[in-house]
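Reader: Could you take me through one helix in some detail? I'd like its geometry, its packing and whatever rings and charges are worth a look along with it.

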Amino acid sequence: MTVLASPPTASSLPSGSLLRSGDAQNNLLDLVFNTLTEGLVVQGRDGSILRANQAAADVLGLSMDQLLGRTSLDPRWQAVHPNLLPWPGEDHPAMVALRTGQAQYDQIMGVRAPGLGQRWLSINACPMRDEGSTDVVTGVVVTFVDVTERLNLQAQLKDTAARLQDLYDNAPCGYHMLDGNGKYLRINATGLSWIGCTREQTIGCLGLADFLSEQSQALFRRNFPRLKAGEYLEGVELDLISRTGQQRRVSVNASAIVDADGQFVSTRSVMFDITEMARMREALRQLNVEQNAMLDNELIGMVKLRDRQAIWKNRALDRIFGYEGDEMLGQPSRLIYLDDQSHRALGEAAYPTLKAGGVYRTQMPMRRKDGSAVWIDLCGVVISPENGDSMWMMVDITSLKQAEAERLESVATAAQNRQLVESNRLKTQFLANMSHELRTPLNAVIGFSQILQTGSVATDTSKHEGYLKQIEASGQHLLQLIETMLDFAELESGKMEFHPVALRLSEVVADVVSMVQAKSETYGVGIRVDLNSAVEHIHLDRMRLRQVLLNYIGNAIKFSHRGGTVRVLARAQDDGWLRIEVGDDGIGISAAQLPGLFSQFHQLSQGANKKFEGTGMGLAVVRRLVEAQGGRVGVESTLGKGSVFHAALPRLQSTSHHGDEGPKPAAT
C-alpha cells in the first residue's frame, strides 16, 4: 500500500495536473497515476471525487463515470458493517482528513461493490494544503487496496487456532510439557482439571511428581532420567492424586524435545485416564483367580472337549479317573466310558440338547484308568457354538450310589420283613376267620343231621324238608369256601388253566344274576344290567368270567342298603378291550382301606367287629384271575355313598393258556 509521508501542497503538484493533462510533466504524472495497482482518488474540499485511477474503479466495481463526482457522503456507497467506519458519512476517512487536516492510515472499511459483493478495503487518506498556507485543506488524496482475501485468511487462521487450542485444552487426555526439573512448562485444561490447580499455580511452580502417590513417585524418579536421555516411554501407569484428594489411574506416553545441539529442552507427554479400565482389569484379575480356584479344584472334575476330544482338564478329573499330568489331553472322551455303546448313546442323547443351547445332565457308570467302574454325575454345556467346544463337569458319586444301594437294600429288607409280619398276621387272622367260616356251615350240617337221625322230625313234614335244605345250603357254602381256597392256591402256583370260548356276554351275566337272585331278594336289593352291544360277542373263559362276576355282584349285594340297586355295566374300552363295572349305593369304603382291598386275607371288618361273612379271599382271587388273563382290576369308592368295582379284559383271547402265560396287563 502507498503511504504518503507528508501532506501534499498545492504547489507540489503542477497546476491542474490532477485534473487534466497536456504537457510532458502531466503526461508523466498521468502515467504514474494510472499505473498504480492501488486504488487512488483525489477528492475536493467538499469531498467530491475529482479524479480516480482505473484500479480504484475496479476495486469498487464501478465505471469511471460512476465514480467521478461522487462524494464520501453519497449513500450509494452502502456501508456493510456496523462496527467499521461507514463509507457514506462524516466518519469516512476522507471526510475525517478534510475536517481535521490529519492523515488517516490503515482504516478498514467494508463496501458492497456492484458485481463483486462484499469487499473489505484498507484506506489511507492524506489532506492537501495550499503552498502558501499549511492550515488550509484544499482536498484529500485517498489510496486503498482490497484486503478481503487477507482478512478471510486471517479469520480462518484465527478460527483454526481457536479450534486447535480447544482441541488441545479440552481433549479427553491430558497434555503437558515438563522442564529438566520435572516442573510444568505447559499443561492443557484437561490436565489442570485432573490435578485440581489453576494454570498460574502450576506453570513453573509445580511438577508432575507433586501429584503422584508415593509408589508412583518412585516410579517417576526411575523413569524420568531415561526420558531425558532420549528414551521413549510408553504405557507408564501412575496413580495421580489431585489437590482435592481425588485419585485416578493414568497411563503416560512421553518423549523428549531437544535443541539443535541435542540437548534436552522439555518433555512432550500425553496422559490417559485409565481408572475404569484399571478397575475392570483388577476385577477381571480377581475373577480369574476365583475362576481358577473353582475350576482347578479337587472335588469337581472338569474337561473341555472339542469334537469329543480333551483340550483342557483340571486336577480333580485326574484324581477321579486315576490319570496323571497331561495323559488325558488330546485323548478322545471314549477313554473314560465303559464301552462303545455307552459312549455313542450319551453323544446321541446329549449333543442335540447342547446344540440347542440347553444343559445336559445325567448319572452313569464310567471307567477309571485301572478299568474299575466309577459312578459319575455328569453335566455338560456348550461354551463356544462356533467351534463346538463343550465343558463337562463330573462328580464322583460312587460312594453315594453304594450308600443308596445299601439304603434301598435295607428298605427292601425292612419292607419284606414288614410284609412277612403282616402276612403272618393276616394268615393268623385268616385262619381264625376261616375256622369260623368253615365251622358255621359244618355245625349246621352236623346239627341238622343229628336232629334228623333222632327221628323226632317226621319225613313228610315241612320242617324235615327245611332241615334238609339247610344241610344242602351249608354244604354248598362249605364247598364254595373250599373251591375259593383251591382256586387261590392254583393261581398262586401259576398252574390254573384258562379255556377261552366264544360267548355271548348277555347270557353269562344273566346266568350270574339268576344265581344271586335269591340273595338279592333276601337283602332287598335290585339288580340293573346295561350291556353295550359292541361287547356282546367275546372270546373268554366262561367259568372264570362268571366267577369274577359272582364275586363282584355278590359283594355289591352284601354291602348295599336295603332298597338299593346294584348296577352291572359293560362297554368297549380302547381297541379290543372289555370293561365291566359293578356299582352299588352301599356303605362305601374309606380311602385308607382301598390300597389293600384286592390283597389276600383282607376284610373290611374283622374280629369282634366283623359284620359281614366271608374269608377275605374273594377279591384277591378276582384280581389274580383277571391279571392272569392279561387284564386289570380297580375300584372307586366314597365312604357312605357306595363303590364301583371294575375289571378290564382283552375280549378276544384266542387260545387256551396257563395263568402265568397270559398277555401283559394294559397300562392304567
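Author: Here's a walk along helix H8, followed by a few ring contacts. Keep in mind that this is a predicted model.

Helix H8 covers residues 214-228, 15 residues in total. At 1.5 Å a residue it should span 21 Å, and its end C-alpha atoms are 22 Å apart, so the length agrees with expectation. There's a bend in H8, though: about 25° at Arg222, with a proline, Pro225, following within four residues.

Now for the side that faces inward. Ser216, Phe220, Asn223, Phe224 and Leu227 are the buried ones in H8. What do the buried residues of H8 pack against? Four strands: S6 (174-178), S8 (233-241), S9 (247-258) and S10 (264-273). After the helix comes Gly230, with a positive phi near 100°.

Lys228, in H8 (residues 214-228), has its charged end over the ring of Phe264, 6.0 Å from the ring centre. Elsewhere, the charged end of Lys401 sits over the ring of Trp375, at 4.5 Å from its centre.

As for rings meeting rings, searching the whole structure turns up four aromatic pairs. One of them is Tyr168 with Tyr175: the ring centres are 5.6 Å apart and the planes are at 15°, which is under the 30 degrees cut-off, so this pair counts as stacked. Tyr168 is buried, at 18% relative accessible area, whereas Tyr175 is partly exposed at 29%.

Conventions: Residues are numbered from 1 along each chain as its sequence is written. This is a predicted model: local features need pLDDT of at least 70, side-chain atom pairs count only at pLDDT 80 or more; totals for chains, interfaces and linings use all residues. Side-chain values use heavy atoms; hydrogens and water are left out. Rings of Phe, Tyr and Trp (its six-membered ring) pair if their centres lie within 6.5 Å; planes under 30 degrees apart count as stacked, over 60 as edge-to-face and the rest as tilted. Buried means under 20% relative accessible area, exposed over 50%, partly exposed in between (1.4 Å probe, protein chains only). A charge sits over a ring if NZ of Lys or CZ of Arg is within 6 Å of the ring centre and within 35 degrees of the ring normal. Helices (H or I, at least four residues) and strands (E, at least two) are DSSP runs, numbered from the N terminus. The expected span of a helix is 1.5 Å times one less than its number of residues. The bend at a residue is the angle between axes fitted to the seven residues ending there and the seven starting there. Contact means heavy atoms within 4.5 Å.
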